[in-house]
Amino acid sequence: MTSSMHNAASGEAASTHSWVPHPVKVVLGVVTTLAITFLGLLVVTFFIGRVVPIDPVLAVVGDHASASAYEKAKIELGLHLPLWQQFLIYVKNVAVGDFGESVLTANPVIEDIKRVFPATLELATMGTIFGVLLGVPMGVVAAVHKGRWPDQLVRVLGLLGYSVPVFWLGLVGLLLFYAKLDWVAGPGRLDIAYEYLVDPVTGMLLIDSLIAGEIDVFLNALSHIALPAIILGYFSLAYISRMTRSFMLEQLSQEYIITARVKGLSETRIIWRHALGNVMVPLVTVIALSYASLLEGSVLTEIVFAWPGLGQYITNSLLQADMNAVLGGTVVVGAVFISLNLLSDILYRLLDPRAK
Amino acid sequence: MRRLMGAALIAAMAWSTPALAETPKDTLVMAHTIDDIITLDPAEIFEFSGAEYAGNTYDRLIGYEVDDVSKIYGVVAESWDISEDGKTYTFKIRSGINFVSGNPLTAEDAAFSLQRAIILDKSPAFILTQFGFTPENVKDKIKADGDILTIETDQAYAPTFLLYCLTATISSVVDKKEVMANEQDGDMGHKWLRTNYAGSSAFKLRQWKANEVLVLDRNDDYWGDKPAMKRVVIRHISEPATQRLLLEKGDIDIARKLGADQLAGLEGNDDIRVRQGEKGAVYYLGLSQKNKYLQKPEVRQALKYLVDYKGIEQTIMKGKATVHQAFLPKGFLGALTETPFSLDVEKAKSLLAEAGLSEGFSLTMDTRNTAEITEMAQSIQSTFAQAGITLEIIPGDGKQTLTKYRARNHDIYIGRWGPDYQDPHTNADTFARNPDNSDDAKSKPLAWRNAWDIPEMTKQADAAVLEGDAAKRAEMYLALQREHQQVSPFVIMMQEIEVAAERANTKGFIIGPAFDDNRYYKVTKD
């Protein structure tokens, strides 16, 4: 306590010398924010979970169980205790890293998340890469050709990506590229023939297969992930290209662009270097947020592609009133959002020319 | 690095490894929905997919022919005897069976498995405790001596009642040594067995990833006929359209959860064979007797004439259910196959007029938000309307509507009920028995949930379970169902059909009457 006060005090002192906050103060601030955010998350999720009109005991014992089996399960789950006591016990366990057991999978929640999160991470990362690589250039092109056909084309593509239901797109994609054209592999993460060839290290098959040096497995996994990643990526592409366009339009009307043109810089250099360079700062936040939303797990895409990810896990658990799993999953999603926010803050500083 | 991966992704779009068009010859690959599995311990398993797992991996004392369930034969038990007074059953245990662990299977294992299920007292335990066993007395009532297992019941029940209960999942024989070696805090190995395996049957567990995949390997030391398949992979694919695509493409051998739409789409495809098996589950409406309208016998009768049974069978549930109007499903001893009700709006109207309700009235129906149940509910809504009854559908998730139903807060509940074991008492017990109709009753059979107070019918059902003569017993159930069909607050509509669509080269998958009877050991692939 004394040392932190001391540090905080020295932080105060430091701030009088310079606008850069003392690192300890920054860390403390971040830790406090994290703790409050997580606690808030737990409170909200826990109590929402308890007011949902679903009997959690029913999820465990089923509809046909006898009264004695029902009572026994209720006590095992700790549901006979008052609500506040249940919550305190839960928070106490979480504080020491114990998220409890999922009643649906018979596994510790942590184990389940270790299994499902890498699948989502892999898919979301590939989707975001796709969305950024296509979305940013599309947004730039649309801004440069504002009001002309490339702009319209990007707008139509973007609107489609935004408004077409993702499960429909997924099914049509499967029908076309998997069933008819045979360009990609079907639902699931691997063909049966390639299962069990690679030991899980990261849980992400693309990486694990490379670590194991199994190129066949890598290609098969790539072929499986391509379609769902593109479809997820299409959704973020729509968002990223719209945002890029509007950021770019703002920049292109700035005086420094006119100056650059007057100085005779090539148009390519002006657009892709100067204008886009300045757009990067807000764009990073947009991309980070879109990545974070993919990392929550896209339930519909996961269902259509039989992708065993976080979205299906949390949804399933919620519908079955498996509160430990729901709370565990929520904490992970919360952590993802908070860390991506932090990351984009850091990138912000690195990319902002004024911070250099 | 990111750019490289991105390039690889784009490359994969244009030029990708073609998907394998075939599954390995010695592996059976199925698409199924297995998110209902919450445990692999046979003493706790009470879910459809879990029962199927146990049916393929654990042996029971006895079994029955899937085509004719009245033919009961020994499995782990070589033979059995029933005492004069009808209360003591002795089973001689077959020698030469080994568990996958290598331990020999003995009468001690058989006794332990039943005792364990009763002591653990998990959801399905009532299947055994209804014979008077309690955690306290079970070690005296169920005993092993040499190769003989003795079971002593509290009353002289119909012999098939106990025998059928011994064919249920909960009666699976587990490896005592293996299970007890993994005991934690006196849990009789329960925590361990929830995710592990200790059996002796044709297949053994290789891997279970919840909501993802269940993989079984052949038990090469199996004492019976060796299965042709070396491995069975059951993938969780919740979207039926995806299952269909995988099947047509040849990436799976059998699709287990197709809807009426997908089945219609597969018609005329020579590479695919669709097979059906009648299951025991019935679809019904439960009419709460707490509702002032539904209390009237004429109203209950009228509603039975306001369901378009044929229409539902031929459209919404095409290939997935047949019209059935009694509480015992076809295939059970004493099942009533008469279907006296059909959509008859005029008759319903005159019944409603008799009840003084020709002006019409309003009801609500709690409806699980799955496609099939919702569509059935909509059909019922429209036929009710023809007689002036306004039906409001209250959609909800399955657990949510069930919670409300069990709290007796519904008007009408549209439900599905599956039998727990192969004896007729399983459904009589819930549809036609209600020993305590008070709000705080311990047991909550369907009759209780609909607040239907039936002391007389409860006595009749109790008498039927004690009748030793099978023919007489069947007559008793027939009489019970005829009365029930007319007066009960249950509109029993359909019996479920299980459908499996298979690749033409895949043969021998058995679709039995119960979920434990869906067997893989005879599957072959050309």
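1. Helices here are DSSP runs of H or I with at least four residues, and strands are runs of E with at least two, both numbered from the N terminus. By that reading, chain A of this predicted model has 15 helices and zero strands, whereas chain B has 19 helices and 19 strands.

2. As to the extent of chain A, its C-alpha trace spans about 85 × 70 × 45 Å along the principal axes. Of the 356 residues of chain A, 43% count as buried, and of the contacts in this chain with a separation of 6 or more, 67% are between residues 24 or more positions apart.

3. Confidence in chain A deserves a careful look, since its mean pLDDT is 82, with 92% of its residues at 70 or more, yet the values vary along the chain. Helix 6 (residues 109-144) of chain A has the highest confidence, at 91, while helix 1 (residues 2-17) of chain A has the lowest, at a mean of 41. Over residues 1-18 of chain A, pLDDT stays under 50, and the model has twelve contacts beyond four places in sequence for this stretch.

4. Chain B can be described in a similar way: its C-alpha atoms fill a box of roughly 75 × 70 × 40 Å, taken along the principal axes. The radius of gyration of chain B is 25 Å, close to the 24 Å given by the globule rule for 526 residues, so chain B is as compact as a globular protein of that length. Of the 526 residues of chain B, 53% count as buried, and 70% of its contacts between residues at least 6 apart in sequence join residues at least 24 apart.

5. The domain assignment divides chain B into domain 1 (22-36 + 201-271 + 504-526), domain 2 (59-191) and domain 3 (279-497). Domain 1 and domain 3 of chain B have C-alpha centres 33 Å apart, and five residues of domain 1 of chain B are in contact with ten residues of domain 3 of chain B. On the domain 1 side of this contact, the residues are four nonpolar, one polar and no charged.

6. Where the two chains meet, the contact takes 57 residues from chain A and 54 residues from chain B. On the chain B side, helix 1 (2-14), strand 1 (27-32), strand 10 (231-236), helix 9 (240-249) and helix 15 (398-406) each supply at least two residues, and the largest share, seven residues, comes from helix 1 of chain B. The side of chain B that touches chain A consists of 21 nonpolar, 15 polar and 18 charged residues.

Note on methods. Residues are numbered from 1 along each chain as its sequence is written. Chains are lettered from A and ligands numbered from 1 in the order in which they are written. This is a predicted model: local features need pLDDT of at least 70, side-chain atom pairs count only at pLDDT 80 or more; totals for chains, interfaces and linings use all residues. Two residues are in contact if their C-beta atoms, placed from the backbone, lie within 7 Å. Ala, Val, Leu, Ile, Met, Phe, Trp, Tyr, Cys and Pro count as nonpolar, Asp, Glu, Lys and Arg as charged, and the others, Gly among them, as polar. Domain bounds come from an automatic or database domain assignment. pLDDT is the predictor's confidence in each residue, from 0 to 100. A residue is buried if 20 or more other C-beta atoms lie within 10 Å of its own, exposed if 12 or fewer, and partly exposed in between; C-beta atoms are placed from the backbone. The radius of gyration is taken over C-alpha atoms; the globule rule is 2.2 Å times the number of residues to the power 0.38.
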